[in-house]
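User: I'm new to this one and I'd like to see how the labels are earned. Can you take me through the reasoning?

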Amino acid sequence: RMHYMHMTFYWGKNSEILFHGWPGSSGGMYALALLVVFALAVLVECLSSCRWLESRLSSRDRPVAAGAARAAVHALRVGMAYVLMLALMSFNVGVLLVAVAGHAVGFLLFRAGLFGGQAQVEDGAKDYLAPAACC
């Protein structure tokens with residue numbers, strides 16, 4: 001039997017996200033899939049900005065172990081970001097919206113400085129724009 005995969009954005013709960021047959025045609029499973037995508041986006045933002053993790057991993061006594069732990073956290077973050085990208089490749093608009101919302105909530109929680117922490121600004125972000133690009 002031929003299997004059709006959407007190659008344009010579409011609305012609807014009948015889709016496949018990440019795995020064959022998941023979430024299927026069940027509305028509850030679709031809601032669970034959206035929740036998983038949302039949580040994954042929040043976790044990506046968390047791992048992108050964990051200053052408390054950096055302070056624990058910057059050990060002068062064991063620099064090799066600290067470097068290996070930093071590399072493991074980086075690999076986990078990148079792996080989760082790739083899985084999130086694959087979920088977005090389902091072309092389901094609901095998945096896109098919850099992924100963007102998850103990144104926004106993760107940014108607010110971990111990088112915007114709303115809860116007493118210092119706001120994190122990406123280094124050199126303005127250098128990428130040409131002077132005329134903002135006009």
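User: What do the buried residues of α1 pack against?

Analyst: In this predicted model, the buried residues of α1 pack against β1, β2 (23-24), α3 and α4. Among those buried residues are Tyr 30, Leu 34, Val 37, Glu 45 and Cys 46.

User: How do you know that the span of α1 fits a helix?

Analyst: Helix α1 covers residues 27-48, which is 22 residues. At 1.5 Å a residue you'd expect 32 Å, and the stretch from its first C-alpha to its last is 32 Å.

User: And what about the span of α3?

Analyst: α3 has 26 residues, and at 1.5 Å a residue they should span 38 Å. The end C-alpha atoms are 37 Å apart, so that agrees. As for its buried residues, they are Ala 66, Met 80, Leu 84 and Ala 87.

User: Why is Tyr 82 called exposed?

Analyst: Tyr 82 sits in helix α3 and has a relative accessible area of 53%. Exposed means over 50%, so Tyr 82 earns the word. Tyr 82 also belongs to a nonpolar patch on the surface, together with Leu 18, Phe 19, Val 83, Met 85, Leu 86 and Met 89. The patch has about 670 Å² of accessible area in total.

User: What makes Phe 9 and Phe 91 an aromatic pair, and why edge-to-face?

Analyst: Two numbers settle that. The ring centres of Phe 9 and Phe 91 are 5.7 Å apart, and rings pair if their centres lie within 6.5 Å. The planes are at 75 degrees, and over 60 counts as edge-to-face. Searching the whole structure turns up one aromatic pair, so this is it. Phe 9 lies in the segment before β1 (15-16) and Phe 91 in the loop between α3 (63-88) and α4 (93-110), so the pair ties together parts that are 82 residues apart in sequence.

User: Is Phe 91 buried or exposed, or something in between?

Analyst: In between. Its relative accessibility is 22%, while buried needs under 20% and exposed over 50%, so Phe 91 is partly exposed. There's an oddity too: Phe 91 has a positive phi of about 65 degrees although it is not a glycine.

User: What makes Arg 111 and Glu 45 a salt bridge?

Analyst: The N to O distance between their side chains is 3.4 Å. The limit is 4 Å from a Lys or Arg nitrogen to an Asp or Glu carboxyl oxygen, so the pair qualifies. A search of the whole structure finds one salt bridge. This pair links distant parts of the chain, with Arg 111 in the segment after α4 and Glu 45 in helix α1, 66 residues apart. Both Arg 111 and Glu 45 are buried.

User: Why are Leu 97 and Leu 109 called partly exposed?

Analyst: Leu 97 has a relative accessible area of 46%, and Leu 109 has 42%. Partly exposed falls between 20% and 50%, so the label suits Leu 97 and Leu 109. You'll find Leu 97 in helix α4, and Leu 109 is in helix α4 as well.

User: How far are Leu 97 and Leu 109 from Val 37 and Cys 46?

Analyst: Going C-alpha to C-alpha, Leu 109 and Cys 46 are 8.1 Å apart in space, with their positions 63 residues apart in sequence. For Leu 97 and Val 37, the C-alpha separation is 9.8 Å, and they are 60 residues apart along the chain.

Notes:
Residues are numbered from 1 along each chain as its sequence is written. This is a predicted model: local features need pLDDT of at least 70, side-chain atom pairs count only at pLDDT 80 or more; totals for chains, interfaces and linings use all residues. Side-chain values use heavy atoms; hydrogens and water are left out. Rings of Phe, Tyr and Trp (its six-membered ring) pair if their centres lie within 6.5 Å; planes under 30 degrees apart count as stacked, over 60 as edge-to-face and the rest as tilted. Helices (H or I, at least four residues) and strands (E, at least two) are DSSP runs, numbered from the N terminus. Buried means under 20% relative accessible area, exposed over 50%, partly exposed in between (1.4 Å probe, protein chains only). Patches are made of residues with over 30% relative accessible area and no salt bridge: like charges are joined within 9 Å, nonpolar side chains (Val, Leu, Ile, Met, Phe, Trp, Tyr) within 5 Å. Accessible areas come from the Shrake-Rupley method with a 1.4 Å probe; for residues, only the protein chains shown count as cover. The expected span of a helix is 1.5 Å times one less than its number of residues. Contact means heavy atoms within 4.5 Å.
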